[in-house]
Amino acid sequence: MDAPDDFPLVPDIEDMIPLPKDAADALPPLSPADEIEMRARTIKLISDLSGSPIVPTAEEQDMARNLAREMVTDPKKKLEYAKYPNEVIAFLAGMVRETNHALVDDLADYKTFVVTSLVKEYANADDPKVRLQALTKLGEIDGVDAFKKRSEITHIIKPIEEVEKELLSVLEGIEYTVIDEKPLENS
């Protein structure tokens, strides 16, 4: 049966399921880099669907660079990305992505340098204390993890009846001592 044109279609919503107040409330909290990436992907999708390329002008590129500077100088500041043109956000997303890749590459290079230096120190040291210190530091490096303490937790899911039975058996095993107290008489 078709719904009349004057009645809006409303989906069935189950009781006791909280609904967000608005679309912004429904989104998870995003870091600035994640929000820029999400906006850039949306802009790219719309660009691909509409067939209109995103080409930022020199002015829009400068605007994106200024935004990037603002993000670096005050990372806690919440920027209003919606007020900027799509070209600015797309260019900014490219800059953020490039910076993140460069940072990861730099950190990987630094880690390799540290590992290599510790291995050289161990190989060239005559003093056993220095060799032991080098090995200790090498073992603490993330990825080597020679000294990482691990603990294992096993979760067992049991029916409530079985849990009640186990609790009752534990309670029955507890010995209770009742002390008879007589009221003290005043002399």
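Helices α1 (23–26) and α2 (32–50) each contribute at least two residues to the lining of the largest pocket in this structure, which is a predicted model. The pocket has a volume of about 180 Å³. Of the two helices, α2 deserves a second look: three residues of the lining come from α2, the largest share. The full set of lining residues consists of A23, A24, L27, P28, P29, L30, E35, M38, R39 and K78. Sorted by character, seven of these residues are nonpolar and three are charged, while no polar residue takes part. A reader following along in the structure can trace the lining from A23 through to K78.

Attention now turns to helix α5, which covers residues 128–140. At 1.5 Å a residue, its 13 residues should span 18 Å, and because the C-alpha atoms at its ends are 18 Å apart, the expected and computed values agree. At the start of α5, a side-chain oxygen of D127 comes to within 3.2 Å of the backbone nitrogen of K129.

How are the residues of α5 arranged around its axis? A134, L138 and G139 are buried. These three cover an arc of only 130° around the axis, and therefore lie on the same side of α5. The geometry of helices helps to make sense of such patterns: an α-helix has 3.6 residues a turn, so residues three or four places apart point the same way. On the other side of α5, K129, L132 and Q133 are exposed. K129 thus appears twice in this picture, as an exposed residue and as the residue whose backbone nitrogen is reached by D127.

How values were computed. Residues numbered from 1 in each chain as written. Predicted model: local features only at pLDDT ≥ 70, side-chain atom pairs only at ≥ 80, totals over all residues. Heavy atoms only, no water. Helix = DSSP H or I, 4+ residues; strand = E, 2+ residues; numbered from the N terminus. Expected span 1.5 Å × (residues − 1). Buried < 20%, exposed > 50% of the residue type's maximum accessible area, 1.4 Å probe, protein only. Arc of directions from axis to C-beta. Polar contact = N/O pair within 3.5 Å; in protein donor to acceptor, adjacent residues only side chain to side chain. 1 Å grid on protein atoms, 1.4 Å probe; cavity = no way out; pocket = protein on both sides within 12 Å on 5 of 7 lines; lining within 4 Å. Points joined across faces, edges and corners; volume = space filled by probe spheres on them. Nonpolar A, V, L, I, M, F, W, Y, C, P; charged D, E, K, R; others polar.
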